Amino acid sequence: MPPAFSVPSREKWRKYEQGSMAKQQEFMERYREDFKKVLVENSDGIQAGDHLVLERKYYVHHMLCTFSGDNHVIVIHYSGPAWGISKASRCTSFKDVGVKGEIEEKMFSSEELVEQQVKKIIWPAHLKRFSAEEVIKRAFTRLGEDWYDILKNNCEHFVTWSMCGLKVSLQVEQWYLTAREVAYSAFTGLYDFGRNITTKKVLPLLIKLQANVSDEVAVFINENALYVGYGLAILMEAGVAGHEIYKAYTHCKTTEEFKVKFVDIVAKAACRLGCGIVGSCIGTAVCPAAGPIASLVGGAIGAGLGHLFGALIGWWYENSSYIDG
């Protein structure tokens, strides 16, 4: 653990702020034990600019105090849907489920602070990069943001960024990120299976049902369903990737952060598409008797594996400076 007098220089802060989230996480991990928690007894013990937390069974919810006085405090935090969690302490539990997480203000009475056992995080002096006024001003620049990601842009990422400029969540471990990618790859496989079913089975049927579409067109779609499916897959992946890139462009705070996100999005989309097509061809070649089913299953497996491969490319790009030494 670094000594208490190890104060990062302005150049050091700027270096990490412009670096990847992995580098920022590694930097803050060195100081994990320097943070102290103090139980709040009333609103008098809280000042504007303080970092507050609500400890729950499976997570810790982070907030930033923007006002303290008259037996209450006002905080700014990432809120969202909650199941079995009181309204006063609700926090998004899963990405994009129900109501999206959003940065908003909330008031706590002195009694609520005590009742919910709110704690104040005491930051080490060598990590206090901004004054309380600057911290609050930074937080308000993101008021209304709704780009919540439980693993990469959660309530702790927001507060830490406001306090020191780094998007770090010490409660998020690397294995969480890996587990999410594995789970999402399985979902991608199922999604690809459903998409292929739609393009190869449902689409020709719908076309046949359209009275204003000629039989020749319907026959063409049926005979070229594979290529039609590939074409739609390309359009869908391109559309999703374009939307994700636009979101990243509007929300990323640094050029480096956007570059990492851009590579991650493009790599996953390209690998899902490419591996899905290869898997579909392999499935057809290995089990020709199964017909379209073999193609669908092969494509789903390929898309899932492709997502993992794309995630690996994104991880390599983000951590390439470490890998290269």
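I began at the N-terminal end of α5, where N154 acts as the cap. A side-chain oxygen of N154 sits 2.8 Å from the backbone nitrogen of E156. I note that this is a predicted model.

Next I checked the helix itself. α5 covers residues 155-164. How many of its residues are buried? I found 10 of 10, so I logged α5 as mostly covered, with buried meaning under 20% relative accessible area. The buried set includes the charged-type entry E156 and also H157. F158, V159, W161 and M163 are on the list too. So are T160 and S162. The two cysteines C155 and C164 complete my list of buried residues in α5.

Then I looked just past the helix. G165 follows α5, and its phi is positive, near 95 degrees.

I turned to cysteines elsewhere. Is C65 buried or exposed? C65 has 0% relative accessibility, so I count it as buried. C287 comes out at 38%, so I put it down as partly exposed. I also searched for disulfides and got 0 in the structure.

Last, I took the whole-chain values. The chain has 325 residues, and 44% of them count as buried. I listed 11 helices and 6 strands. What share of the contacts with a separation of 6 or more joins residues 24 or more positions apart? The share is 69%. The accessible surface of the chain is about 17,300 Å². Carbon and sulfur atoms hold 62% of that surface.

Note on methods: Residues numbered from 1 in each chain as written. Predicted model: local features only at pLDDT ≥ 70, side-chain atom pairs only at ≥ 80, totals over all residues. Heavy atoms only, no water. Disulfide = S-S within 2.5 Å. Buried < 20%, exposed > 50% of the residue type's maximum accessible area, 1.4 Å probe, protein only. Helix = DSSP H or I, 4+ residues; strand = E, 2+ residues; numbered from the N terminus. Contact = heavy atoms within 4.5 Å. Areas by Shrake-Rupley, 256 points an atom, 1.4 Å probe, with all protein chains shown as cover. Polar contact = N/O pair within 3.5 Å; in protein donor to acceptor, adjacent residues only side chain to side chain.
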